[in-house]
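Visitor: I have a structure open and would like to learn how to read its bound metals and ligand. Where do I begin?

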Amino acid sequence: MATLKKVNSITKGSDLAIICTKWSNKPEYGIDNSVSTYIANEIKEKEKKFVSVNHLGRLIFVTLVDSKKAEAPAKETQRKNGCAISDTLNANKSKQIAIVNESGHDDYCLALAEGIALANYQFLRHKPSGKKSINTLNAISILDKKCSDKEISNLNIIVDATCKARDLVNEPVNILNATDLANAFKNFGKQAGFKVEIFNKAKIQQLKMGGLLSVNQGSVDPPTFTIMEYKPKNAKNKNPYVLVGKGVVYDTGGLSLKPTPNSMDLMKCDMGGAAAVGATLYAIAKAKLNVHVIGLVPATDNRPGFNAFAPGDIITMMDGSTVEMLNSDAEGRMILADALHYAKRYEPKLTIDLATLTGAAAAAIGQYGIVGMGTASEKQKDKLKESGFNVHERIAEFPFWDEYDDLMKSDIADMKNIGGPYGGAITAGKFLAKFTNYPYFHLDIAGPAFTTGKDSYRGKGGTGVGVRLLFDFFSKND
Ligand code: BES
Ligand code: MN
Ligand code: ZN
């Protein structure tokens, strides 16, 4: 990981990224006039806003920004420039970069640094040591009087937490099953300072979590239910926020088996919501935010093993309601329903779930955003959406009209676990809302949780989506 730190001067000859509103060379940069003229030409003649130069092995980057405070799209441009910088630095085996911010606005600097640090992520645990090509970049120095120590330490935490979530998503099910996932959260708790309790199968049975147990029937690995709690003494919220993460460590579809290409082969990502919840608790505890947050993660794999739940089965959920299970590939809602019911005991101020829940959400808006919906207040929704724009994990709100409830009706049980052919992301959300009695917002991250090709600083594979969004939300709300 590349660590960010504040510095007061540029080390002579160090690789440099300069953020400015217009290009002018300064003696402290140590940049030759010929190079400066080249940069000026690139900007003027070619109308470039981002210039990259390799001068006798020294890497220099210039990024031009507005004189105004950065709006969300401008910050995203800087994160992407950060990715280009990180790639170039590593290709040239550079170990560190200094960012000089001449723009007068710390947002640009923080966004550029964030992009560099997140793009530097690699998942190399399973590469033999001889074959690892490890990124060399390990330090990002920041020269910006406007950037506070707190902002920089928080950014280090956000990057660290996002990478932890990515690691969990990238780990396949033969390495990370439900118990391993729960243990990973236990470690997060130890490292960051929050409470973690893990329910084993016996306890889950005792609690009658019928939804979670039904999905687990076809598996040889037991399920887990993890409760994380960060409750600082100075918490500003009386009622806690509850985060619920879908922890399907692998989704074969069960007896309603998925095809392999571009479907089952990606399904180690089906605990992306759980990873985001655990990593968010890690981040807010490390940053010591003044907010009381509880994280709940029901976890299991979904497999067509011998006693696998079968389409047509009627399942009694933890809340006592019955579900006619007509498609075992709609398993996420079965395990989340019990967690959402469990959340009632906390009388949450707001419950947010994160789940790679439906292909329909991904089909509707692609990988470019999160599909959101729910019963939260307009104010809560607006704040979540605002955080979404701010960190570029945007939320597209879908309708939550009553008519969609009708699509989940069953003749022989309280509900079916699938709706009709249309509005699949919404019927899934409606199913979940049935198990809530508090302000609720559902985030379907099926689109952005996992990329099959490099997507700028989000990289390839697990993106850690949700962590930056929730950290931003909690750092502004109580
Ligand atoms: N885990 C999948 C959803 C998913 C799809 C996540 C693509 C990430 C990328 C989920 O469990 C699922 O299979 N949903 C079904 C629901 C259907 C059977 C009602 C789907 O979307 O097809
Ligand atoms: Mn499924
Ligand atoms: Zn799934």
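What follows is a short walk through the metal sites and the ligand.

Guide: Remember that this is a predicted model. Now pick a metal and list its donor atoms.

Visitor: Which residues coordinate the zinc ion (ligand 3)?

Guide: Lys246 binds through NZ, Asp251 and Asp270 through OD, and Glu331 through OE. The distances are 2.0 to 2.4 Å. Along the chain, these donors follow the spacing K-x4-D-x18-D-x60-E.

Visitor: Which parts of the chain do Asp251 and Asp270 link?

Guide: Asp251 sits in strand E10, residues 247-251. Asp270 sits in the loop between E10 and helix H8 (272-286). The two are 19 residues apart.

Visitor: Are Asp251 and Asp270 buried or exposed?

Guide: Both Asp251 and Asp270 are buried.

Visitor: How do I read the geometry of a metal site?

Guide: Look at the angles between donors. Six ideal octahedral donors give 90 or 180 degrees. In this model, the zinc ion (ligand 3) has six donor atoms, with angles of 78 to 173°. Its site is octahedral.

Visitor: What are the protein donors of the manganese ion (ligand 2)?

Guide: Asp251 (OD) and Glu331 (OE) are among them. Asp329 gives two atoms, O and OD. These donors lie 2.1 to 2.2 Å from the manganese ion (ligand 2). The spacing of the donor residues in sequence is D-x77-D-x1-E.

Visitor: Why is the arrangement around the manganese ion (ligand 2) irregular?

Guide: Check the angles again. The six donor atoms around the manganese ion (ligand 2) subtend 72 to 169°, and so the arrangement is irregular.

Visitor: What do Asp251 and Glu331 tie together?

Guide: Asp251 lies in strand E10, while Glu331 lies in the loop between strand E13 (322-325) and helix H9 (332-342), so the pair joins parts that are 80 residues apart in sequence. Asp251 and Glu331 are both buried.

Visitor: How far apart are the manganese ion (ligand 2) and the zinc ion (ligand 3)?

Guide: They are 3.1 Å apart. Asp251 bridges the two ions.

Visitor: What about ligand 1? How many residues surround it?

Guide: Start with the shell, then look for polar contacts. Ligand 1 has 16 residues around it. The closest are Lys258, Asp270, Asp329, Glu331 and Gly359. By class, the shell holds five nonpolar, four polar and seven charged residues.

Visitor: Which atoms of Lys258 and Gly359 should I look at?

Guide: For Lys258, find a polar side-chain atom, 2.8 Å from an oxygen atom of ligand 1. For Gly359, find a polar backbone atom, 2.7 Å from an oxygen atom of ligand 1. Taken alone, ligand 1 exposes 520 Å², and the protein buries 76% of that.

Note on methods: Residues numbered from 1 in each chain as written. Chains lettered and ligands numbered in written order. Predicted model: local features only at pLDDT ≥ 70, side-chain atom pairs only at ≥ 80, totals over all residues. Heavy atoms only, no water. Donors = N, O, S within 2.8 Å, 3.2 Å for Na, K, Ca; no water. Tetrahedral: all angles 85-135°; square planar, octahedral: opposite > 155°, others 65-115°. Helix = DSSP H or I, 4+ residues; strand = E, 2+ residues; numbered from the N terminus. Buried < 20%, exposed > 50% of the residue type's maximum accessible area, 1.4 Å probe, protein only. Near = heavy atom within 4 Å. Polar contact = N/O pair within 3.5 Å; in protein donor to acceptor, adjacent residues only side chain to side chain. Areas by Shrake-Rupley, 256 points an atom, 1.4 Å probe, with all protein chains shown as cover. Nonpolar A, V, L, I, M, F, W, Y, C, P; charged D, E, K, R; others polar.
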